[in-house]
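Me: Could you take a close look at one part of this model for me? I'd like the charged surface first, and then whatever else in the backbone deserves a second glance.

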Amino acid sequence: MADSPEAIKKATRLYLLIGAVLFGGTVLTVLVATVPSLDFGKHGFDTADLLIGLLIATVKATLVAAIFMHLNHEKRLIYWLFGLGIGAAICLLFLTGLAIWDPIHYNGFPTGVPGSEPVRHFK
Amino acid sequence: MEIPYIFTPRKDTGLVNSKIAIWLFLASEVMLFGGFFSAYIFLRLGADYPWPERTLPVLPGLINTFVLIGSSVTVIFAWMSLKLRKWHQFQFFMAITVVCAGVFMVLKGIEYNVKFHHQALRLKDYAVVEGHLGYELKDGVHVAHGEEPKDEDFALNHHGKKIEENMINFETSELSFNTVRYHHDWVEEIIAHAAERNAAITLKEDLKLGKEAPVLFDKDGNAAPGSKPLAMADGFAKGSVLSMKLLERITELHLEARSHNAELRTDAFREEWKKAHAQYPGKSDRQLAPDVKIDVTKLDLKVEHPSIGFEVQPATVFHFRPRDIQEGPASGTLRDGTALAGKMEESPMGFHYVDALDFRHLAMKVEEKVGDNPEAVEKAIEESWLIKSNHELKEIWEKQQKALGLLTAELAKKDRVPTEKDKYRVNWQEMVYYATTRLEDIKIEAGKYQMPHVKMELDEEFFGPNYAVRAKAQRPDGHLGSFPHLSVPRAEVQFASKFAPAWNTYYAIYFTMTGLHGLHVIGGALVLGYYLFCGKKMYLSNPEWLANRVEVGGLFWHFVDLVWIFLFPILYLM
Amino acid sequence: MSAHAAPADDHHGHGHDDHHHHDPGFWKKYFFSTDHKTIGIQYGLTAMAFLAFGFYLMMVMRWSIAYPHQPLPEWMSWIFTDNWKARWLTDGKVTGETYNMFGAMHGTIMVFLGIVPLGFGAFGNYVTPLQIGAVDMAFPKLNMTSYWCYLAGGLTMCASFFMESGAAKSGWTNYSPLAGFADGQIVNQWLAGQTQWLIGLVLLISSSLLGSVNFITTIINLRARGMTWMRMPFFVWAMLVTGFLLLLAFPPLEAAGIMQLMDRVGHSSFFMPSGLYSASEGLADLSGGGSPLLFQHLFWFLGHPEVYVLLLPAIACVAEIIPVNTRRPLWGYKAMVYGVLTLGFLSFVVWAHHMYLTGMGPVVSTFFQTTTVLISIPSVILLTSMIISLWGGSIRFTPGMIWALAFLPMFGIGGLTGLPLAFNLVDLHLHDTYYVIGHFHYVVAPGILFGLFAGVYHWYPKITGRHMSNVMSHIHFWPSLICMNLIFFPMLTQGMAGFHRRWYNGGDAYMPSGEGSANVFSLIVEKHIDLNILMSMGAWAMAVAQIPFVINLFGSLLWGKKVESDNPYNATTLEWATPTPPGHGNFVTEPSVYRGPYEYSRPDCEDDYLPQWEEPKRDAAVPVASELPGTPTTHPSAH
């Protein structure tokens, strides 16, 4: 798409638009996080804020990857190469996560102080 | 020989080499940051202390986000300019990109700097105070309450630096250095410190490492005329003055002796085993071992001195950083093996300004013991060392309790409750408000759902509280200053650190991730700057070549932006 | 990807002769060369030097295990200066500290500085571009940087032997909090061995990152005309997978390394739990709150793929040597390719089988146990295919081939002894015993090293233009084979008896101390402790057995029989189409590929083989038109 001069000129507005959306998304994230009257979920930080923040960040990251990094019209091979990286990262995050939240039981980290019980941190 | 597919894509893959390479590199970068993100998740979920949510100043982070997004747009325009063969336009956009990188790093530098100069302290009861430490004053200097010490009042170390009031003060009468491991800088500090106080550090007893008679050396390593110079001496008389030269010479001789002895002993031991095996052919090593010994009297061994004892006359108080010393009431050991004998003095941590209180960790510990019980927590806070022993902090806490009551009532209308942070933390803006407001005047702003606080000035968004102004604020009791002084006895200190990676795992991961990201910004800016300043030749030989390169550099730059898009919320806002 | 899509670059396809290149000068030619072949040789020689050093460390350790009461003999301690003797030995006896240091560095050197650079760095660099018909790697300067990063990293790690702290002592796995505390007495942490290890590691990871990006790009984009994916020799496939493993598995360890570096020099607590207490320092002056488990996860996320990074180049060498010397196609080439790809994918999800004893929950353990058992399937496919390739072949026992043949059963033992360790209940008993050491070393030493020796003997004629001595190679081979088994087989026995891998005195401390005082474990130890001496003798004999190799390697440069043809083994893959030794730019004329890599024993041609580069005859019953569109302008041939 963006290789001929005409196509490149056409894309200018798209890039500006995406830039604006990124700015807007950032402002939105900050407002949600810092203004108490705009708070979602409970008062203060909670899961709702976490999800909203991560959602906006993911959308922004996707836009950067798709438009700025041209992943929306890239060669197949690039998808394979980058996809492998993403896949491996998911393995890492998911499986270490699984090791923390083993569904059957988890004893928590020992405090190391002799005679004390391990502390269960994950509620 | 030329490598194909540098300028023109290979037909079946449709790609030039550099494009494949950069995406591979980005894939590995995903894994690198993936490692850090999984560390973040692991540490945050596994934290056994309250994770400091929303603790960083948002404004610098926000500006940095804008700067990076903006530079992402300009780098794309720079690439487009090349594609359209507009060299000057390329230069313009690329220059903006590089400047953005500079702005980003400057803001980051300010942010780091503020943190590195901000002290935190966790007391034995898990209460946390934050603020700025005072500096040690010269011996005998006293500054009246409410007055600021002058520059010449401060004690300096041998590098000419002021010494923070967080030292272990040890009145030392005897010192014993580890001959091999002593740390030069520390010994120099000890020598300089003693010289300033007219104390003499001298050899405790004669030290003979050879055949010569002991010689007396002065502080410059000189001996009486006629006797051997230090570089050749191998005996050192009791009373020789500690100097680096003296120590170095002793070390040299000791190492020589150690090597010599090791060689002799090893050979002798081998000999003994040979004899033993010949004598008792049927016996195993294990049976023989207790009886196979070296007869040291037969060996020409040299004298080794693994440690060198000195006495300090008169006994002098030395200051050591807490991390460097393991102290006891009558003895101490430095990390480099130096042993001290004498008496541990009072070694309080002196806060010049306390600018925040935090009882969240304390509350958490209480809740771990007694379950969710607000009264127990409240009682524990009131009985904490901080509140009990400092009336200013006590006053602030009482006012905070009143404000909390107001906030709780306000939130109750919306069916909500105050956060842990509202309940157990007093930040500097709140502290200034409480200090400058009478108990009966405390009120909260309707509809804001926030604890009462003073507004931040623009510079304070970046640099933290402006002490020059805030410290002179008028208090209702007529005194000046919003930030209390505090002196914490060593026995109450559990863990102290600047707001550096050491303070807790949050700051550790914050500094590591943003630091690594910052290195990426610098690296990216260097590469893009190279295209900006040295790309002309590439452009003239083949504009498509430079365009490809800038595209590849741009991809990296977008990736750096993409990482920041996640770093900003998880570190600054969550 | 099909055959009609691999044209040479229009502008830059010519000029493969290097006549118009002026002589680059001594330094540029032999040291700062950007030629993949020179870099490959640099990698090879450096790696072998490190292997020899790692072997030496092991010999000292084996002395301490076999003869814990005796001083180190002169022939081993001559490398120690007197000052070192004083610091690291007591009256010549190896101390526990020294044993730990040598153990940690033996593992590190062998894995990171020896075998990976030899397999991936040396053979990968030398052979891969030749086999795909490329003029060089895609990024020659990056290639050079990669080598120098590797050397710098290696030297950084080894330089710490000369420091007051000594080199790293916390095992090659460098687990925190032990590794976070180690060398805590050193005031300037940047000058502690444990810190240097991390710095060296970061350099090594940078090196393999540059290397892997380069390899993958080269394999994807620089394949010769007609070299489609399924015509690539298995070696190239293995290198591609290895490249991906390095690319994606190493960065998490780099992250862990950086965090541990922060723990050491910045006193952070990434891997340091709360309330940490040590005998030397009391309650640690740390914030705590970190997780030692996190380090293990990040380490083994690399650690397991790393095993395949070690293994695949060796398998790749063997898979090249077997078809040439059996004169049969590689059996199940496609199955092997898919097998190696599957192996690559699966190797990312098995890592926590190293961590069964860390208190992970049963669900996670079961998951990793399952994937671990799964990954044995592609491994078995690879091994079985190669064994079946021997069936009915007319085997030529060339120097390379005997090593390749020995690789098969040795790697087989290594692989099969790994199966019990995959099951977490069995692993509870065997964890950290000599059984694990035996298993791992069977894979790495008689397995991988034999494969790499095979590679050295096999490609030596191409690299130098001379053959290695056949007699000497047998003198090298048979003692090595026997000694390897003498060293490692008793380990399996000892391990099942419960011998722990970190006993610096080989179990001497657990021997019954007198009549009646023995417990059951002491009796077991007593029964098996003498195996230590057997194994140590084997290790020293092994060292002697390597002397013929060194003589052969360097001596053959002068005395070896000169090769008469560019293709002395009548092989089919492209590296044999180059002049001997290949010049800068590799091929005299641009090669084209017309068929798969292992066309041996074809009934339809006069010889028993059909090289990849040989232009098909129009009248032959070989399918031609579909294989390659258009005829190449030049006819590459082996002179």
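Reply: Start with the negative patch on the surface of chain B: its members are B:E375, B:E378, B:E382, B:E383 and B:E398. Keep in mind that this is a predicted model. Helix α8 of chain B, residues 374-382, gives the patch its largest share, three residues. B:E398 sits elsewhere, in helix α10 of chain B, which spans residues 391-413. Its relative accessibility is 41%, so B:E398 counts as partly exposed; the band for that label lies between 20% and 50%. A residue also needs over 30% to join a patch at all.

Now for something well covered in that chain. Strand β11 of chain B, residues 349-358, has ten of its ten residues buried. In general, side chains in a regular strand alternate between the two faces of the sheet.

And what does β11(B) pair with? One partner is strand β2 of chain B, residues 128-133, which runs antiparallel to β11(B) and is joined to it by six bridges. If you want a spot to click on, B:V129 has B:L357 as its bridge partner in β11(B). Strand β13 of chain B, residues 486-488, also pairs with β11(B) in the antiparallel sense, over three bridges; there, B:F351 stands opposite B:L486. Then there's strand β12 of chain B, residues 425-426, antiparallel again, with two bridges to β11(B). For that pairing, look at B:D358, which stands opposite B:R425.

On to the backbone oddities. In chain B, the peptide bond from B:Q313 to B:P314 is cis, with omega near -15 degrees. B:P314 belongs to strand β7 of chain B, residues 307-320. Chain C has a cis peptide bond too, from C:T580 to C:P581, with omega near -15 degrees. C:P581 is placed in the segment after α19 (547-559) of chain C.

Chain C also offers a couple of positive phi values outside glycine. C:D183 has phi near 60 degrees and lies in the loop between α7 (178-181) and α8 (193-221) of chain C. With just 6% relative accessibility, C:D183 counts as buried, because the cut-off for that label is under 20%. C:H267 has phi near 55 degrees, and you'll find C:H267 in the loop between α9 (234-265) and β3 (277-278) of chain C. C:H267 has 25% relative accessibility, so this histidine counts as partly exposed.

Methods
Residues numbered from 1 in each chain as written. Chains lettered and ligands numbered in written order. Predicted model: local features only at pLDDT ≥ 70, side-chain atom pairs only at ≥ 80, totals over all residues. Heavy atoms only, no water. Patch = residues over 30% accessible without salt bridge, like charges linked within 9 Å, V, L, I, M, F, W, Y side chains within 5 Å. Areas by Shrake-Rupley, 256 points an atom, 1.4 Å probe, with all protein chains shown as cover. Salt bridge = Lys/Arg side-chain N within 4 Å of Asp/Glu carboxyl O. Lys, Arg positive; Asp, Glu negative; His and termini not counted. Charge placed at Lys NZ, Arg CZ, Asp CG, Glu CD. Helix = DSSP H or I, 4+ residues; strand = E, 2+ residues; numbered from the N terminus. Buried < 20%, exposed > 50% of the residue type's maximum accessible area, 1.4 Å probe, protein only. Pairing = 2+ DSSP bridges.
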